[in-house]
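Biologist: Please choose one part of this model and take me through it slowly, and then show me how that part sits within the rest of the chain. I am in my first year, so careful steps would help me most.

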Amino acid sequence: MLPGADPTTPPAMLTATRAIRAATWSQTFPATPDQVRITRQGMAAFLGGWPLTTDAVTCLSELVTNAIEHSRSGRPGGHITVQATLTAAHLDVAVQDQGGPWQQEHNQDGLRGRGLHIVAALTDCWGRTDDSTGTRTVWFHLTCHCAQEETTMPATSPDANTLQAIADDYPGWDISHDGHWWSATSPAVSVQADTPDGLRSALERIIGLGQGSA
């Protein structure tokens, strides 16, 4: 087992929503080598100026590459899904693939599994889960010790005018508010933020990368 690996416990983002200010990103990509760069760009755009962005992008790149090369997702028509939840001090990232044999040890030339050692070295913890459908999730958690966590958000009533204004500005996106989170969903992408301005900012970043509806 690699250092820090937990093969059974998924990240907090997959089991419960943090009761603190957070933003989320979820997107499905074709499992082809050219998409490694696209996922890196998407993560960098989502994180903005978060202090550990470089580490997060590096770890995501390793997990995406591993999924493409060593899972059933790498077959023709395969796909992977990237999920991320960010607060001021914490980042949870997960890459879901279509399963297959799990390989994490070095081979004789030292290449196989090297990426997972990088993930283990850069993150607070990482692990994987497999479900009954054959989907495998490999995840990691990063803590930024230079940032203070923000306080719990009270539930609020959605402003119908604000919802409509965002929907008008971003046609093709389903805009919603559940009392805590402002969300935008398209057929391929889901983003979430704690304020209308935060949602607009996230949408601008995603659309600017050509990953969402125009």
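Modeller: Let me begin with a definition: a helix here is a DSSP run of H or I that is at least four residues long, and helices are numbered from the N terminus. What you are looking at is a predicted model, and the chain in it has six helices and nine strands. The part I have chosen is helix 3, which covers residues 53-70, and His 70 is found in this helix.

We can start with the length of the helix. At 1.5 Å a residue, the 18 residues of helix 3 should span 26 Å, and since its end C-alpha atoms lie 25 Å apart, the expectation and the model agree.

Next comes the question of which residues of helix 3 are buried. They are Thr 53, Ala 56, Val 57, Cys 59, Leu 60, Ser 61, Leu 63, Val 64, Asn 66, Ala 67 and Ile 68. His 70 is not on that list, because its relative accessibility is 27%, which counts as partly exposed, buried being under 20%. His 70 also has a partner in space that a reader of the sequence might miss, for Pro 101 is 31 residues apart from His 70 in sequence, while their C-alpha atoms are 7.6 Å apart.

The buried residues lead us to the nonpolar core. In soluble globular proteins, nonpolar side chains tend to be buried together. The largest nonpolar core of this chain has 45 residues, and the members that touch the most others are Trp 25, Met 43, Leu 91, Leu 199 and Leu 203. Helix 3 gives the largest share of this core, namely eight residues. Of the 214 residues of the chain, 43% count as buried.

From here we can step back to the wider chain. Among contacts between residues at least 6 apart in sequence, 64% join residues at least 24 apart. The salt bridges, of which the structure holds three, give examples of such long links. In one of them the side chains of Asp 97 and Arg 136 meet, at 3.4 Å from N to O, and the pair links distant parts of the chain, with Asp 97 in strand 4 and Arg 136 in strand 6, 39 residues apart. Asp 97 is buried, with a relative accessible area of 5%, and Arg 136 is buried too, at 2%.

Another salt bridge joins Arg 200 to Asp 169, with the closest N and O atoms 2.7 Å apart. Arg 200 lies in helix 6 and Asp 169 in helix 5, so this pair ties together parts that are 31 residues apart in sequence. Here Arg 200 is partly exposed, with a relative accessible area of 24%, and Asp 169 is partly exposed at 46%.

Strand 6, where Arg 136 lies, also has a neighbour worth following. Strand 5 (residues 125-130) runs antiparallel to strand 6 (residues 136-143), and six bridges join the two. Cys 125 stands opposite His 141 in strand 6. The two strands form a hairpin with five residues between them, and in the turn Gly 134 has a positive phi of about 95°. The remaining salt bridge is formed by Arg 128 and Asp 130, whose closest N and O atoms are 2.7 Å apart, and Asp 130 counts as partly exposed at 44% relative accessibility.

How values were computed
Residues are numbered from 1 along each chain as its sequence is written. This is a predicted model: local features need pLDDT of at least 70, side-chain atom pairs count only at pLDDT 80 or more; totals for chains, interfaces and linings use all residues. Side-chain values use heavy atoms; hydrogens and water are left out. A nonpolar core is a set of buried Ala, Val, Leu, Ile, Met, Phe, Trp, Tyr and Cys residues joined through side-chain atoms within 4.5 Å. Buried means under 20% relative accessible area, exposed over 50%, partly exposed in between (1.4 Å probe, protein chains only). Contact means heavy atoms within 4.5 Å. Two strands pair if DSSP finds at least two bridges between them. The expected span of a helix is 1.5 Å times one less than its number of residues. A salt bridge is a side-chain nitrogen of Lys or Arg within 4 Å of a carboxyl oxygen of Asp or Glu.
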